[in-house]
Amino acid sequence: MKTLKTFITIILVFNVSTFSYAQTNKPKPDLPNVTYGEHERNVLDIWFADKNKQTPLAIYIHGGGFSAGSKEKINGNELTQLLAAGISVASINYRYKTIVPLPGAHNDAKKALQFIRSQAESWGINKDKIGVWGGSAGAQISMWLAFSDEMANVNSKSPIERESTRVTCVATKGGQTTMESDFWRRHIAKYAPEEVVSFRKSIRQNYGAKSVKKANEVAKSISALVLISKDDPPIFMQYGMRPNAPVPNNVNKIRGWIVHHVDFGIALKEKMDSLNIESHLRYPSSRTKYNSLVGFFKDKLNQ
C-alpha cells in the first residue's frame with residue numbers, strides 16, 4: 001500500500017483527464033471560459049436556465065485532490081436536470097495546490113462566487129438564491145464556502161470583493177468534513193493503521209507550512225466541523241458506502257474508500273443535529289428525504 005501521502009495528496013482522483021463538452025452529451029455553456037481572476041485557471045462556464053427571467057443558480061466545484069480535475073467534469077445528467085428545473089448552473093476552475101498552497105483553491109472559489117454575484121443583474125441571476133456543490137476536494141471547498149462567516153470586504157474599493165459570500169444551500173459527494181490532523185489520524189488508524197506514521201511527513205505539503213502545527217492551523221480554518229454555526233445553510237451529503245461496510249481488499253480501492261468515507265458525513269451530521277441545522281446524509285440502504293442533490297436544490301433554490 002502506498003503511503004499516507006498518497007491518501008492526503010490525491011484525496012482520490014477519479015477520471016481526472018479533461019474532456020471538452022463537444023466530446024460528451026452535455027449542453028454547451030452559454031458563456032464558456034469567463035475570466036473571474038488573474039490566473040489562467042480562474043475561469044468559469046455558465047448555463048442559463050431561462051434567459052427571459054431571473055433564476056436561481058447552482059455552482060459546481062470540481063474534485064481531483066486539489067491537484068487535478070476541471071470544470072468540464074460536471075455531471076451531464078445533473079446539469080441537464082438542474083437546467084430543466086429552472087436553475088442556472090456555473091462550473092468553475094481554480095488553482096491547484098501545486099500552483100498555490102491551500103487555501104488558495106478555496107479563495108479562488110470565493111472570488112468566483114463574488115464575481116458571479118457582481119454579474120447577477122446582467123446575467124439574470126437571483127443572487128439571494130445560490131447553492132454550491134462538488135465531490136471530494138470540490139465538496140470540501142463547497143462546505144468551506146457554506147459554513148464560513150460572511151467574507152465580503154465591505155470597505156474594499158473593488159465592487160466584487162464587497163459582494164456576499166453566503167449561500168442558500170450546499171450539496172456534497174464523498175466530502176471531507178474536516179481536514180484536522182487529529183481526526184485524520186484516528187480515521188486512518190481505524191482502517192489502515194500502518195499508514196499513520198507517514199502522516200506528519202505529508203500534511204505540511206498541502207498548506208506550504210514549515211511545521212505540522214502551522215499546517216493544522218490552516219486545516220482547521222477550512223474545516224466544516226470547525227466552522228459550522230447555527231446560522232449556516234442546510235446540506236445534502238452523499239457517500240458510497242454504509243457505515244459498517246467492510247474495508248475493500250483491493251489496494252487501489254481502499255485509498256478512495258478511506259478519504260471519501262461516510263464517517264466524515266456522520267461526524268458533520270451529528271454536529272449539525274446538535275445545532276438544530278438541517279442536514280441530509282445519504283448512503284447505500286439509508287432513508288433520506290432527498291434521493292439526489294438535484295431534488296435537494298430544486299426544493300431549496302426554487303422556494
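Lys 110 lies in helix 3, which spans residues 104–118, and it offers a starting point for reading this predicted model. Apart from residues up to four places away in sequence, Lys 110 touches Trp 144, Leu 145, Met 151 and Thr 165. The C-alpha atom of Lys 110 is also separated by 9.4 Å from that of Ser 164, although the two residues are 54 residues apart along the chain.

**The chain as a whole**

The secondary structure of the protein chain comes to 12 helices and eight strands. Of the 303 residues in the chain, 56% are buried, and the chain exposes about 13500 Å², of which carbon and sulfur atoms supply 47%. When contacts between residues at least 6 apart in sequence are considered, 75% of them join residues at least 24 apart.

**Helix 6 and helix 10**

The axes of helix 6 (residues 181–191) and helix 10 (residues 251–259) come within 10 Å of each other and cross at roughly 145 degrees, and the crossing of helix 6 past helix 10 is right-handed. On the side of helix 6 the contact is made by Trp 184, His 187, Ile 188 and Tyr 191, while helix 10 contributes Ile 254, Trp 257, Ile 258 and Val 259. Sorted by class, this contact of helix 6 with helix 10 has seven nonpolar residues, one polar residue and no charged residues.

**Salt bridges**

The count of salt bridges comes to 13, and the table sets out three of them, with the distance between the closest N and O atoms of each pair.

| Salt bridge | N to O distance |
|---|---|
| Lys 173 and Glu 78 | 2.4 Å |
| Asp 263 and Lys 190 | 3.4 Å |
| Glu 278 and Lys 300 | 2.8 Å |

In the salt bridge of Lys 173 with Glu 78, the closest N and O atoms are 2.4 Å apart. Because Lys 173 lies in strand 6 (residues 169–173) and Glu 78 in helix 2 (residues 76–84), this pair ties together parts that are 95 residues apart in sequence. Lys 173 is partly exposed, with a relative accessible area of 30%, whereas Glu 78, at 11% relative accessibility, counts as buried.

The salt bridge of Asp 263 with Lys 190 has its closest N and O atoms 3.4 Å apart. Since Asp 263 lies in helix 11 (residues 262–274) and Lys 190 in helix 6, the pair ties together parts that are 73 residues apart in sequence. Here Asp 263 is the buried partner, with a relative accessible area of 14%, and Lys 190 counts as exposed at 55% relative accessibility.

The side chains of Glu 278 and Lys 300 meet in a salt bridge at 2.8 Å, taken from N to O. This pair links distant parts of the chain, with Glu 278 in the loop between helix 11 and strand 8 (279–282) and Lys 300 in helix 12 (residues 293–301), 22 residues apart. Glu 278 is partly exposed, its relative accessible area being 31%, while Lys 300 counts as buried because its relative accessibility is 9% and buried means under 20% relative accessible area.

Beyond these pairs, Asp 45, Lys 71 and Glu 72 are linked in a network of salt bridges.

Conventions
Residues numbered from 1 in each chain as written. Predicted model: local features only at pLDDT ≥ 70, side-chain atom pairs only at ≥ 80, totals over all residues. Heavy atoms only, no water. Axes fitted to C-alpha atoms, helices over the stretch in contact; angles between N-to-C directions. Helix = DSSP H or I, 4+ residues; strand = E, 2+ residues; numbered from the N terminus. Left-handed = near helix turned anticlockwise from the far one by under 90°. Contact = heavy atoms within 4.5 Å. Nonpolar A, V, L, I, M, F, W, Y, C, P; charged D, E, K, R; others polar. Buried < 20%, exposed > 50% of the residue type's maximum accessible area, 1.4 Å probe, protein only. Areas by Shrake-Rupley, 256 points an atom, 1.4 Å probe, with all protein chains shown as cover. Salt bridge = Lys/Arg side-chain N within 4 Å of Asp/Glu carboxyl O.
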